[in-house]
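Let's take a walk through this structure together, one part at a time. Keep the picture open and follow along as we go.

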Amino acid sequence: MVQVKLPDGSVKQIEGRATPAMVAAQIGPRLAAAALAAQIDKRTIGLDTPLPIEGEVNLRILTRKDPEALAVMRHSCAHVMARAVMRLFPGVQLAFGPTVEGGFYYDFDLEHALNEADFPAIEAEMKKIIALDEPFERIDEPRENALQVVRDLGQVYKIEHIESGLSEHDILSFYRHGEFIDLCRGPHIPKPGAIGAYKLLSVAGAYWKGDSSRKQLQRIYATAFFSTEDLDRHLK
């Protein structure tokens, strides 16, 4: 049995395997509907992350009111953007797509020279993807299975990253979003419907893993907020 301590000081005793989403549902339907992510002892996790089966944890459910939830949403928006780019341009190789101060970016390797004239089409495709509101599904795979996944996807940068950068990891995680699958540690929001407003900002060059001796990739910088008002305020 695990004792889940909530921010208000109350404690829920839970038997068996549980997730933050299940705890949020026990607290109430309004919180369950608003929940986007969670924190265990100040570590941000997805709502689908299993809680310990025994001991005690401090759990905080994150909603759009929490600054930490904004970073999780932006990372999910980076996946939406990458999925849109892959839909629009053939032969895209994926690199990394983290959050940064004020937004996020994703690095791509593709023949087409990305420029700001492509932004309306990419943003329109993102809108279609968000409207589908398909869930972000976490998939954990043993190392050799993970390598086979990225080989089947033909993603050469992900293959190299597993073989070198993640050489000490026995279990690796992916996130599936519709037809889009990406090697990613997460976390993500449950569904992209929580993405309120987004905007692609610029294109820049970026070397693979910051190494100037490696191939130069194309980086799209973007940002996202839970509301159009917040986006407009940021852009001003």
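A residue is called buried when its relative accessible area is under 20%, exposed when it is over 50%, and partly exposed in between. Keep in mind that what you are looking at is a predicted model.

With those cut-offs in hand, let's try a pair. Asp-66 and Arg-60 form a salt bridge, and their closest N and O atoms are 2.8 Å apart. How accessible are the two partners? Arg-60 has a relative accessibility of 27%, so Arg-60 counts as partly exposed. Asp-66 comes in at 15%, so this one counts as buried.

Just after that pair in the sequence you'll meet helix H3, which covers residues 67-88. How far apart are its end C-alpha atoms? At 1.5 Å a residue, the 22 residues of H3 should span 32 Å, and the ends are indeed 32 Å apart, so the two agree. Now look at what surrounds the helix: 16 of its 22 residues are buried, so H3 is largely enclosed by the rest of the structure.

That brings us to the inside. The largest nonpolar core has 42 residues, and the members that touch the most others are Met-81, Phe-108, Ile-122, Met-126, Ile-195, Leu-200 and Ile-220. Several elements chip in: H3, strand E8 (103-109), helix H4 (119-132), strand E12 (197-207) and strand E13 (216-225) each supply at least two residues of this core. Which one gives the largest share? That's H3, with 11 residues.

For a close-up, pick Ile-122. Setting aside neighbours within four places in sequence, Ile-122 is in contact with Met-81, Ala-84, Val-85, Leu-88, Phe-89, Leu-200 and Ile-220. There is also another core, lying apart from the largest one, with 16 residues that include Val-4, Ala-35, Ile-40 and Val-57.

Some strand pairing comes next. Strand E5 (residues 55-62) pairs with strand E1 (residues 2-5) in the parallel sense, over 4 bridges. One place to look is Gln-3, whose bridge partner in E5 is Glu-56. E5 also pairs with strand E3 (residues 37-40), again through 4 bridges, but here the strands run antiparallel. In this pairing, Ala-38 has Ile-61 of E5 as its bridge partner.

Back to charges. A search of the whole structure turns up 15 salt bridges, and two more of them deserve a visit. In one, Asp-109 pairs with Lys-215, with the closest N and O atoms 3.1 Å apart. Asp-109 sits in strand E8 and Lys-215 in the loop between E12 and E13, so this pair ties together parts that are 106 residues apart in sequence. Asp-109, at 13% relative accessibility, counts as buried, while Lys-215, at 48%, counts as partly exposed.

The other stays within a single helix. Glu-125 and Lys-128 both lie in H4, 3 residues apart, or about one turn of the helix. Their side chains meet in a salt bridge of 3.8 Å, N to O. Is each partner buried or exposed? Glu-125 has 11% relative accessibility and counts as buried, whereas Lys-128 is exposed, with a relative accessible area of 51%. The pair also belongs to something wider: salt bridges that share partners join Arg-83, Arg-87, Glu-125, Lys-128, Glu-134 and Glu-179 into one network.

How values were computed. Residues numbered from 1 in each chain as written. Predicted model: local features only at pLDDT ≥ 70, side-chain atom pairs only at ≥ 80, totals over all residues. Heavy atoms only, no water. Expected span 1.5 Å × (residues − 1). Buried < 20%, exposed > 50% of the residue type's maximum accessible area, 1.4 Å probe, protein only. Core = buried A, V, L, I, M, F, W, Y, C linked by side-chain atoms within 4.5 Å. Contact = heavy atoms within 4.5 Å. Salt bridge = Lys/Arg side-chain N within 4 Å of Asp/Glu carboxyl O. Pairing = 2+ DSSP bridges.
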